[in-house]
Amino acid sequence: MLDLAIDKTHDESRQGEAFASLETDLIPFSKKFYIESYGCAMNFADSEVVASILKNNGYGITTHFEEADLIFVNTCSIREKAEETIRQRLTQFKKVKRYNPSVLVGVLGCMAERLKSKLIEEEKLVDLVIGPDAYRTLPHLIEEAESGQKGVNVLLSREETYSDISPIRLNSNGVTAFVSIMRGCNNMCSFCVVPFTRGRERSRDAHSVISECTQLFNDGYREVTLLGQNVDSYQWIDPDHKKVVSFAQLMEMVAQISPLLRVRFSTSHPKDINDDVLFTIKKYDNICKNIHLPVQSGSTRILQMMNRTYTREWYLAKVDRIREILPGCGLSTDTISGFCSETEEDHQDTLSLFEYCEFDLAYMYYYSNRPGTLADRRFKDDVTLEIKKRRLQEIVDIHRVHSLKSMQKEVGKIATVLIEGDSKKSEKDWAGRNDQNKMVIFPKEGAFKKGDYVQVLIDRCTGGTLLGSICS
Ligand code: SAM
Ligand code: SF4
Ligand code: F3S
């Protein structure tokens, strides 16, 4: 976990991952698509919706872009570096046209929304540009592009949640899955591009969330992660306005599918997570005791400029409340160093907040100005790159101590681990996670299989992994 957290500081976002699905690999399709995804879990979940739409329109999937008729890149705009990486990848894909002139290259997701037809007209990098709310129009846009026109649809919607589409699980371990419960964001944090690329917040029909999770359970999955940019503001009102389902209620409904189905969720917002949610987590053994609560800065002045709508004291009180109601709950965060006008004093506030909270995991970034955001329009990006990076390193150094301490605390304890598959390093070992989302590696013993829960006695750890052996 520590490695991932540190990677994130330099890597900016999840790197492109090509996807395969056994289900579709086995069926002979006349045309094939290749999809590579970047950014947050919501983007990865969207790629599974896209795969479903394409499959229903006669396309098969391939993990080799060289043999694809359609190449899609599901993109992220969150930081400048993420966009640069994707542009380089698009330039590589453009070269495929030299030996396969009929191949179509398409940009999906947040960069499509931010850059719109610029990618087609000025940079001539791609044939299709499709924003996150326009995936249903993919088959039509592909037809247009095949006839030589450029296919563009970046319209954002106030209603689209793709609730009736059954995602095709890509690169799945068959045990854990993401389930989107909402789309968009209404928060307008001043540094953030998401409200512009993903549009207004809307919650998905609660019945469709429950039926997707039930289907996953019946298919052998044992963990779902409910996804939204701000899950605590989930609110689904049924069409007759007779029922309002809150996030706490939705989570409870998912937890009741089966005690064998683990429930996780991300992301929580400090201003919105409430006692109802915390007591629901407490009530169910199968709701994981682990909360991702991005802080972004430890300075109230900076938090106000970021439009986060809480103070340092509010955040600390939330952390205290979580630990009071859910002792031992895992806590992770996101933070940004070097936001506009950040002083050494502001930075010290972030360091001291980290010292107080002792997060188990943190995603740490330096500020990247995004064109068109509130911060871009209102403030000067006046902290030098050198200072941003130095402050980031200081946060990383403090966090490294805490995350190691958090791993060491588990040594000697017995953890309930859900087996996700072979360990990356050896087929002789299983890999799985404990309740607090910590990776656990242990030798295969007995008749256990993927998707089983086992009790593991933790006897040692590294910065990112717990190691032990099955004890029952
Ligand atoms: N909705 C979540 C929240 O409220 O924190 C996550 C949003 S974003 C997808 C993930 C993280 O990227 C943020 O929590 C923030 O730390 C970071 N981030 C967003 N915009 C950024 C920017 N302009 N520069 C650096 N980091 C940024
Ligand atoms: Fe961005 Fe803030 Fe929305 Fe998170 S809550 S997606 S940081 S605007
Ligand atoms: Fe990136 Fe869009 Fe997610 S900007 S982090 S892919 S919502």
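**Ligand surroundings in a predicted model**

The residues around ligand 2 are Cys-185, Asn-187, Met-188, Cys-189, Phe-191, Cys-192, Val-194, Pro-195, Gln-229, His-269 and Arg-308. The structure is a predicted model. Ligand 1 has 15 residues around it, and the surroundings of ligand 3 include Cys-40, Cys-76 and Cys-110.

**Ligand 2**
- By class, seven residues of the ligand 2 shell are nonpolar, three are polar and one is charged.
- Phe-191 is in the ligand 2 shell and is also among the residues that come nearest to ligand 1.

**Ligand 1**
- The residues that come nearest to ligand 1 are Phe-191, Gln-229, Gln-296, Asp-334 and Ser-368.
- Gln-296 places a polar side-chain atom 2.7 Å from an oxygen atom of ligand 1.
- For Arg-308, a polar side-chain atom lies 3.3 Å from an oxygen atom of ligand 1.
- Arg-79 has a polar side-chain atom 3.1 Å from a nitrogen atom of ligand 1.
- On its own, ligand 1 has 570 Å² of accessible area, and the protein covers 92% of it.
- Strand 16 (330-337) and strand 17 (361-366) each contribute at least two residues to the ligand 1 shell.
- That shell consists of seven nonpolar, four polar and four charged residues.

**Ligand 3**
- Around ligand 3 are Cys-40, Asn-43, Thr-75, Cys-76, Ser-77, Ile-78, Cys-110, Val-194, Arg-198 and Gln-229.
- Five of the residues around ligand 3 are nonpolar, four are polar and one is charged.
- Domain 1 (31-153) and domain 2 (176-408) each provide at least three residues of the ligand 3 shell.
- Val-194 and Gln-229 are around ligand 3 and also around ligand 2.

How values were computed
Residues numbered from 1 in each chain as written. Chains lettered and ligands numbered in written order. Predicted model: local features only at pLDDT ≥ 70, side-chain atom pairs only at ≥ 80, totals over all residues. Heavy atoms only, no water. Near = heavy atom within 4 Å. Polar contact = N/O pair within 3.5 Å; in protein donor to acceptor, adjacent residues only side chain to side chain. Areas by Shrake-Rupley, 256 points an atom, 1.4 Å probe, with all protein chains shown as cover. Helix = DSSP H or I, 4+ residues; strand = E, 2+ residues; numbered from the N terminus. Nonpolar A, V, L, I, M, F, W, Y, C, P; charged D, E, K, R; others polar. Domains from an automatic or database assignment.
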